[in-house]
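Morning, everyone. Please pull up the model on your screens, and I'll walk you through it.

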Amino acid sequence: MSGSFDLESRVVSRVALLGRDYRGVNFELLCEPGDMVEAGAVLMRDSRRPLVRFTAPFSGRVAKIERGARRKLISVQIEVDEAAGVVRYELPTNRDEASLRSFLLESGAWSSLRTRPFGNIPHPDAAPAAIFLTALDAEPLAPQPQAIIDSFMEEFRAAVAVLAGISDAPLYVCHAPEHPLSFEDSGHVRCVPFSGGHSASLPGVHINALCPIGFGGGEVWHIGYQDVIALGHLLLHGTPWLER
């Protein structure tokens, strides 16, 4: 589907990190209810992999930490207060693989990556067979990513360059045929159009077509376009992107 799109801003009063969004993580909380936190501040980490961090999506007061059965983390909720400030991260001066991975881990951006199979956050030292960037959405009534990506193309390109540098594996940018993308400056990046109904935007479909992993013990990683924009904003400005 093509055409013109308008982006409309909405303001929220509360944001949250949800435990169910991070499969296989044992959360170690580094905050308490009532704490004032800056946007981008580390709120918790994986107790088994302490380098994997989870940061505040907005500044404000930790209003509630909700737990379920066996103290399983349900949510960390933040009452928005912009006066709490924003963390500024030091950008990597070197663009080698180790430096880029370290930056993603320190800033919390690493937690946006997911593995296939299983949908876990990758281990910091893991090596994928490929990385997939999902830049289309074919679900019924879903907004088209084209308007959002085009509005933040500078951030998008900056993040693609870094994602191509965190491993030797190819980076597949999967997009709609009517929204062509190209990144001529990197031999790692391959742009591939997908169409064919509601399943065309599923990472599993892209993986099966381009890098089927079978049962040999390997894994591939994937990430959504809004998390890519968030990473790009971090790279260009040193501060977290406070939008979705």
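One definition before we start: helices and strands here are DSSP runs, at least four residues for a helix and at least two for a strand, numbered from the N terminus. And a reminder that this is a predicted model.

With that, take the second largest pocket. Which strand gives the most to its lining? That is β12, with three residues. The volume of this pocket is about 290 Å³. Its lining includes His222, Ile223, Gly224 and Tyr225. From elsewhere in the sequence come Arg116, Thr134, Leu136, Asp137 and Glu139, along with Ser201, Leu202 and Pro203. By class, that is five nonpolar, four polar and three charged residues.

Stay with Pro203 for a moment. Pro203 sits in helix α4, residues 203-210. Is Pro203 buried or exposed? Its relative accessible area is 13%, so it counts as buried, the cut-off being under 20%. What does Pro203 touch, beyond residues up to four places away in sequence? Arg116, Thr134 and His222. Those three also appear in the lining of the second largest pocket, as does Pro203. There is a long-range approach here too. Pro203 and Phe132 are 71 residues apart along the chain, yet their C-alpha atoms are separated by 7.3 Å.

Now the largest pocket. Its volume is about 1,600 Å³. There are 50 lining residues, and those closest to the centre are Gln226, Trp241, Leu242, Glu243 and Arg244. Two or more lining residues come from each of β1, β5, α1, α2, β12 and α5. Which element gives the most? Helix α5 does, with six residues. The lining divides into 30 nonpolar, 10 polar and 10 charged residues.

So let's look at α5 itself. The helix covers residues 225-237, 13 residues in total. From first C-alpha to last, α5 reaches 18 Å, close to the 18 Å expected at 1.5 Å a residue. Look at the burial next. Tyr225 is buried, and then there is a run from Val228 through Ile229, Ala230, Leu231, Gly232, His233 and Leu234 to Leu235. A general point on helices: there are 3.6 residues a turn, so residues three or four places apart point the same way. What do the buried residues of α5 pack against? Three helices, α1 (97-107), α2 (145-151) and α3 (153-163), and two strands, β9 (131-134) and β12 (220-224).

What follows the helix? Just after α5, Gly238 takes a positive phi of about 80°. Thr239 lies in the segment after α5. Thr239 counts as buried, at 15% relative accessibility. Leaving aside neighbours within four places in sequence, Thr239 contacts His233 and Leu234. Both of those are among the buried residues of α5. Thr239 also contacts Val86, Val87 and Arg88.

Over to α1. Its buried residues are Leu100, Arg101, Phe103, Leu104, Leu105 and Ser107. The cover over them includes β5, α3, β12 and α5. Just after α1, Gly108 takes a positive phi of about 90°.

Last, the strands. There is an open sheet of four strands, in the order β1-β7-β6-β3, with antiparallel pairing. Why is one side of β1 and of β3 left without a neighbour in the sheet? Because β1 (14-18) and β3 (36-37) stand at the edges, each with a single partner strand. For β3, take the pairing with β6, residues 60-67: antiparallel, over two bridges. Within it, the bridge partner of Met36 is Arg61.

Then there is the β2, β4 and β5 pairing. Strand β2 (27-29) runs antiparallel to β4 (42-46), joined by three bridges. Strand β4 also pairs with β5, again antiparallel, over three bridges. Met44 is the residue to click on. Leu29 stands opposite Met44, and Met44 stands opposite Phe54 in β5. How many residues lie between β4 and β5 in their hairpin? Six.

To close, back to the pockets. β5 is one of the elements that give two or more residues to the lining of the largest pocket, and β12 gives the most to the lining of the second largest. Thanks, that's my tour.

Terms used:
Residues numbered from 1 in each chain as written. Predicted model: local features only at pLDDT ≥ 70, side-chain atom pairs only at ≥ 80, totals over all residues. Heavy atoms only, no water. Expected span 1.5 Å × (residues − 1). Buried < 20%, exposed > 50% of the residue type's maximum accessible area, 1.4 Å probe, protein only. Contact = heavy atoms within 4.5 Å. Pairing = 2+ DSSP bridges. 1 Å grid on protein atoms, 1.4 Å probe; cavity = no way out; pocket = protein on both sides within 12 Å on 5 of 7 lines; lining within 4 Å. Points joined across faces, edges and corners; volume = space filled by probe spheres on them. Nonpolar A, V, L, I, M, F, W, Y, C, P; charged D, E, K, R; others polar.
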